[in-house]
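Hi,

Here is the structure I promised to pass on. Have a look at it first, and then read on for what turned up.

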Amino acid sequence: MITVFGATGTTGAPLVDALLAKGAQVRAVTSDPAKATDLTTRGCEAVTANFNDAASLGQACAGAERIYLVTPAHLNMRRWKADAIKAAKTAGVRHVVLATGLGASPKAGLTFGKWHSETQELLKESGLDWTFVQPTYFMQNLLWQADSIVKNGVYYDDLGGPVSWIDARDIADVAAEALTGADHAGKAYGLTGPEALTGEDIAALLSEVTGRSITSAPLAPEDAKAAMVANGMQDEVAAAMVELASIAPKGYLGGIETTVSDVLGRPARRFRDFVAENRDAFVK
Ligand SMILES: NC(=O)c1ccc[n+]([C@@H]2O[C@H](COP(=O)([O-])OP(=O)(O)OC[C@H]3O[C@@H](n4cnc5c(N)ncnc54)[C@H](OP(=O)(O)O)[C@@H]3O)[C@@H](O)[C@H]2O)c1
């Protein structure tokens with residue numbers, strides 16, 4: 001049995017699909033009982049558990065050999081993950097595949113890298129087998145702007161430099177392999193897409209795919225932060241996002257990792273294909 005936390009989320013949902021396609025027995029965790037039926041219909045066991053309720057985390061882990069552990073970006077995420085790791089250890093789980101972020105290490109200088117590193121080190125100390133999936137920016141983040149792109153014909157670029165965006169389905173496919181295959185314990189998988197794209201590149205892709213003229217406009221850090229907070233993100237988390245974005249103009253978010261093709265034996269998905277598959281969201 002494999003327990004998938006965050007099973008309705010950006011990486012968890014495609015992970016459930018990938019694991020079911022491999023014939024794995026999957027227990028999908030949601031904090032929202034209303035989402036359980038859909039998960040069951042897709043062919044997995046559904047469990048309702050909340051990161052704020054340690055007992056429910058134990059139930060989610062009971063009888064599982066491996067787990068995928070992800071939480072939303074949240075000020076409590078280190079405590080939530082610590083509680084889930086503790087519950088996994090108590091329940092006899094053998095292997096935790098932990099979602100963190102590219103650059104997470106004890107040497108990290110940025111807030112997100114430090115937060116994720118703290119959990120990585122905790123998992124190492126637990127004695128459980130571990131694999132870290134450490135992605136860069138998700139292509140799916142572009143959907144946050146879909147309505148505004150439709151309305152204004154503008155892609156607002158809060159990064160200002162090249163970024164090697166990854167499709168969350170590739171993160172899920174690597175996690176699925178780590179959860180079902182051999183020789184993934186003790187590995188930290190830095191994950192990027194196959195190319196680094198600027199805001200202008202993304203606007204050009206959107207124009208090509210939609211047949212409309214879509215331009216790129218810079219979004220100032222304070223405006224980016226205000227938009228994230230307006231969408232419900234905590235102030236400190238939005239500040240950490242802006243801090244991360246600030247290194248893009250120096251080219252530090254444009255490095256390419258070959259992990260997706262190394263682990264999966266096929267190339268990482270391209271941003272052009274992601275935009276084309278989601279064309280409807282950008283033309284409505
Ligand atoms: N977005 C990016 O570009 C990016 C880049 C690098 C790293 N990351 C990292 O990736 C992680 C986010 O991954 P993701 O996008 O896959 O996650 P997500 O979609 O933001 O969240 C996963 C799921 O967590 C569940 N959840 C929320 N509150 C909960 C609670 N109190 N108890 C139990 N479950 C709860 C929600 O499902 P239910 O409503 O069904 O409970 C949600 O679907 C963060 O750590 C972030 O730092 C993100």
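Let me start with a pair of strands: strand 4 (residues 66–69) and strand 5 run parallel, and four bridges join them. One pairing you can look up is Leu-69, whose bridge partner in strand 5 is Leu-98. Strand 5 covers residues 95–99, and four of its five residues are buried, so the rest of the structure largely encloses it. Before you go further, please keep in mind that this is a predicted model.

Now the overall picture. The protein has 13 helices and nine strands. Its radius of gyration is 19 Å, close to the 19 Å that the globule rule gives for 284 residues, so the protein is as compact as a globular protein of that length. If you want a feel for the dimensions, the C-alpha trace spans about 55 × 40 × 35 Å along its principal axes. Buried residues make up 44% of the 284. As for contacts with a separation of 6 or more, 73% of them are between residues 24 or more positions apart.

Next, the inside. In soluble globular proteins, nonpolar side chains tend to be buried together. Here the largest nonpolar core holds 85 residues, and the ones touching the most other members are Val-4, Ile-67, Tyr-68, Val-96 and Ala-175. Which helix gives the most to this core? That would be helix 7 (residues 168–180), with eight residues. Ile-67 is a good place to zoom in: leaving aside residues up to four places away in sequence, it touches Ile-2, Thr-3, Phe-5, Cys-61, Ala-88, Val-93 and Val-96.

Then there is the ligand. It has 24 residues around it, of which Gly-6, Gly-9, Thr-10, Thr-30 and Ser-31 come nearest. What is the shell made of: how many nonpolar, polar and charged residues? The split is nine nonpolar, 13 polar and two charged.

One last oddity for you to look at. Most residues other than glycine have a negative phi. Asp-183 has a positive one, near 70°. You will find Asp-183 in the loop between helix 7 and strand 8 (187–191). Is Asp-183 buried or exposed? It is exposed, because just 7 other C-beta atoms lie within 10 Å, and 12 or fewer counts as exposed.

That's the tour. Shout if anything is unclear when you open it up.

Cheers

Notes:
Residues are numbered from 1 along each chain as its sequence is written. This is a predicted model: local features need pLDDT of at least 70, side-chain atom pairs count only at pLDDT 80 or more; totals for chains, interfaces and linings use all residues. A residue is near a molecule or strand if its C-beta atom, placed from the backbone, lies within 6 Å of it. Ala, Val, Leu, Ile, Met, Phe, Trp, Tyr, Cys and Pro count as nonpolar, Asp, Glu, Lys and Arg as charged, and the others, Gly among them, as polar. A nonpolar core is a set of buried Ala, Val, Leu, Ile, Met, Phe, Trp, Tyr and Cys residues joined through C-beta atoms within 7 Å. A residue is buried if 20 or more other C-beta atoms lie within 10 Å of its own, exposed if 12 or fewer, and partly exposed in between; C-beta atoms are placed from the backbone. Helices (H or I, at least four residues) and strands (E, at least two) are DSSP runs, numbered from the N terminus. Two residues are in contact if their C-beta atoms, placed from the backbone, lie within 7 Å. The radius of gyration is taken over C-alpha atoms; the globule rule is 2.2 Å times the number of residues to the power 0.38. Two strands pair if DSSP finds at least two bridges between them.
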